[in-house]
Amino acid sequence: VQNARINHPRAYESWTDMEKELLNKAIEYTNDLNLLSDCFQRVKGSIESCGQRIIYESQNPQDDENQN
């Protein structure tokens, strides 16, 4: 974790609702993982995983409601 945070200070931290909202807006404009990783200070895998979850939930809103 410490090594990852040298280059990505937010690595392995939970995503806040505000960050998810910002990522959702950002991926409307670009899917450049390097750029998004720099902007959000997170590793590419985290950006990709969260982005995929956001896209899935936007396409399947009933699944999100059933989980609550």
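**Exercise 1. Is W15 buried or exposed, going by its relative accessible area?**

Before we start, a word on the model: it is predicted, with local features needing pLDDT of at least 70 and side-chain atom pairs counting only at pLDDT 80 or more, while totals for chains, interfaces and linings use all residues. Residues are numbered from 1 along each chain as its sequence is written, and side-chain values use heavy atoms, leaving out hydrogens and water.

Step 1. Get the cut-offs: buried means under 20% relative accessible area, exposed means over 50%, and partly exposed is in between (1.4 Å probe, protein chains only).

Step 2. Apply them. W15 has a relative accessible area of 14%, so W15 is buried.

Step 3. Look for a ring partner. The structure holds one aromatic pair. For pairing, rings of Phe, Tyr and Trp (its six-membered ring) need centres within 6.5 Å; planes under 30 degrees apart count as stacked, over 60 as edge-to-face and the rest as tilted. The ring centres of W15 and F40 sit 5.8 Å apart with the planes at 45°, so this pair is tilted.

Step 4. Place the partners. W15 is in the loop between α1 (2-7) and α2, F40 is in helix α3 (residues 33-40), and the pair links distant parts of the chain, 25 residues apart. F40 is buried as well, because its relative accessible area is 12%.

**Exercise 2. Sketch the overall chain.**

Step 1. Count the elements. Helices (H or I, at least four residues) and strands (E, at least two) are DSSP runs, numbered from the N terminus. Here you get five helices and zero strands, in the order α-α-α-α-α along the sequence.

Step 2. Add the dimensions. The C-alpha trace spans about 40 × 25 × 20 Å along its principal axes.

Step 3. Add the surface. Accessible areas come from the Shrake-Rupley method with a 1.4 Å probe, and for residues only the protein chains shown count as cover. The chain's accessible surface is about 5,200 Å², with 45% of that belonging to carbon and sulfur atoms. Of the 68 residues, 24% are buried.

Step 4. Check the long-range contacts (contact means heavy atoms within 4.5 Å). Take the contacts between residues at least 6 apart in sequence: 49% of them join residues at least 24 apart.

**Exercise 3. Work out how α4 packs on α2 and on α3.**

Step 1. Pick the descriptors. Two packed helices are described by the angle between their axes and the distance between the axes. The axes are lines fitted to C-alpha atoms, for helices over the stretch in contact, and angles run from 0 to 180 degrees between N-to-C directions. Angles under 35 degrees count as roughly parallel, over 145 as roughly antiparallel, 65 to 115 as roughly perpendicular and the rest as oblique.

Step 2. Start with α2 (residues 17-26) and α4 (residues 44-59): the angle is about 80° and the axes are 10 Å apart. That makes α2 and α4 roughly perpendicular. On the α2 side you find K20, L23 and N24, meeting I47, C50, G51 and I54 of α4. By class, the residues of this contact are four nonpolar, two polar and one charged. (Ala, Val, Leu, Ile, Met, Phe, Trp, Tyr, Cys and Pro count as nonpolar, Asp, Glu, Lys and Arg as charged, and the others, Gly among them, as polar.)

Step 3. Now α3 and α4: about 100°, axes 9 Å apart. These two helices are also roughly perpendicular to each other. From α3 come L33, N34, L36, S37 and F40; from α4 come K44, I47 and E48. This contact has four nonpolar, two polar and two charged residues.

**Exercise 4. Describe the surroundings of S37.**

Step 1. S37 lies in helix α3 and counts as buried at 3% relative accessibility.

Step 2. Skip its neighbours within four places in sequence, and S37 is in contact with H8, R42, V43, K44 and I47.

**Exercise 5. Which loop residues, Y12 and Q41, carry a positive phi, and how exposed are they?**

Step 1. Recall the background: most residues other than glycine have a negative phi.

Step 2. Y12, in the loop between α1 and α2, has a positive phi near 65°. Y12 counts as exposed at 61% relative accessibility.

Step 3. Q41, in the loop between α3 and α4, has a positive phi of about 55°. With a relative accessible area of 37%, Q41 is partly exposed.
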